[in-house]
Each structure stands twice: as structure tokens, then as C-alpha cells.
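Reader: Please examine the charged side chains of this model closely, in particular those that pair with one another. I should be grateful for one connected account that also places them relative to the rest of the fold.

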Amino acid sequence: QVQLAESGGGLVQPGGSLRLSCAASGSIGSINVMGWYRQAPGKQRELVATIATGDSTNYADSVKGRFTISRDSAKNTVYLQMNSLKPEDTAVYYCNAAIRDSRFSPWRVSWGQGTQVTVSS
């Protein structure tokens, strides 16, 4: 069993910053890609950013230049630094990770429970 626990969400004014964290725990042999997604009310879940084991990153166009994804492999943790936040960034943010418990096991994608980010004055 693998658990992903997000933290760091909250209420922030437009132009402000937040840092989200997501720690993986449980039966972990290795982690491949880790990522952040978000879902606003009435909309589909969308990709925000991903980071691979070689630290190559991918961002949605809407967050490029404002958000930065990073990871600490020793802590099985992924971060999302969000700067210059806009009201349209308001959503529940979910982390996910492709994890296997040994090199003989298949990769499985796990999701966190989500953390609310609200950008409002």
C-alpha cells in the first residue's frame, strides 16, 4: 500500500505565493514520474506539472513562468512552488506518482486526497 499526503494549500490573495508538498509513504521501491494536477469546480482535472527521475519537467502553458515543480528523492516528496497566483488558479490540487515496490513489480499510479487552493481578495 502506498499513500500520498498533500499539504500547503490555503487561501491567498492574487499575486501571492503558496508552496505545496506531497510525501509518499508505504511500500516504495522506487518512484518514477511525480506530478501535480488540479480540478476547479465544474471542470475536468488537468495537468499542472510533472517531474521525472532525471528532474526533467513539464508544465501546463497556463502556469509556465509562475509555478516550479521539484522533488526530494531521498524524502519521496514532490513540491509545487506557486508564485503570482491568479483567481483562475483556484482549484483542488492533487499529486500523483508512478511507484513500484521492487524492480520486479509493475508501476502503479497513486493519487493523493487533494488540497484546496483558493486565490481571492
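**Charged side chains and their surroundings**

Author: Aspartate 61 is exposed, because its relative accessible area is 64%. In this predicted model, the side chain of aspartate 61 meets that of lysine 64 in a salt bridge, with N and O 3.1 Å apart. Other salt bridges share partners, and these join Arg38, Glu46, Arg66 and Asp89 into one network. The search of the whole structure gives four salt bridges. Side chains of opposite charge can pair when their charged atoms come close.

Within the network, arginine 38 may be taken as the starting point. Its relative accessible area is 6%, so arginine 38 is buried. One of its partners is glutamate 46, and the N to O distance in this salt bridge is 2.7 Å. Glutamate 46 has a relative accessible area of 36% and is therefore partly exposed. A buried arginine 38 is thus joined here to a partly exposed glutamate 46.

Arginine 38 also forms a salt bridge with aspartate 89, where the closest N and O atoms are 3.0 Å apart. This pair links distant parts of the chain, since arginine 38 belongs to strand S4 whereas aspartate 89 lies in the loop between S8 and S9, 51 residues apart. Both arginine 38 and aspartate 89 are buried.

Arginine 66, another member of the network, is found in the loop between strand S6 (57-59) and S7. A relative accessibility of 10% is below the 20% limit, so arginine 66 counts as buried. Its side chain comes within 2.8 Å of the backbone oxygen of serine 62. Setting aside residues up to four places away in sequence, arginine 66 touches Gln81, Met82, Asn83, Ser84, Leu85, Lys86 and Asp89.

Met82 leads from this arginine to the nonpolar interior. The largest nonpolar core has 29 residues, and Trp36, Leu80, Met82 and Tyr93 touch the most other members. At least two residues of this core come from each of strands S3 (18-26), S4 (30-39), S5 (46-51), S7 (67-72), S8 (77-82), S9 (91-100) and S11 (115-119). S9 contributes the most, namely five residues. In soluble globular proteins, nonpolar side chains tend to be buried together. For leucine 80, contacts beyond four places in sequence are with Leu18, Arg19, Leu20, Trp36, Val48, Ala49, Phe67, Thr68, Ile69 and Tyr93. Trp36 and Tyr93 therefore appear both among the contacts of leucine 80 and among the core residues that touch the most other members.

Charged groups also meet aromatic rings. The charged end of arginine 45 sits over the ring of tyrosine 94, 3.7 Å from the ring centre. The same charged end of arginine 45 sits over the ring of tryptophan 111 as well, at 4.7 Å from the centre of that ring.

Tryptophan 111 is part of the stretch 108-111, strand S10, in which arginine 108 also lies. Arginine 108 has a relative accessible area of 56% and is therefore exposed. Outside four places in sequence, arginine 108 touches Ala97, Ala98 and Ile99. Its C-alpha atom is 36 Å from that of glycine 15, and the two residues are 93 residues apart along the chain.

Terms used
Residues numbered from 1 in each chain as written. Predicted model: local features only at pLDDT ≥ 70, side-chain atom pairs only at ≥ 80, totals over all residues. Heavy atoms only, no water. Lys NZ or Arg CZ within 6 Å of the ring centre and 35° of its normal. Core = buried A, V, L, I, M, F, W, Y, C linked by side-chain atoms within 4.5 Å. Buried < 20%, exposed > 50% of the residue type's maximum accessible area, 1.4 Å probe, protein only. Helix = DSSP H or I, 4+ residues; strand = E, 2+ residues; numbered from the N terminus. Contact = heavy atoms within 4.5 Å. Polar contact = N/O pair within 3.5 Å; in protein donor to acceptor, adjacent residues only side chain to side chain.
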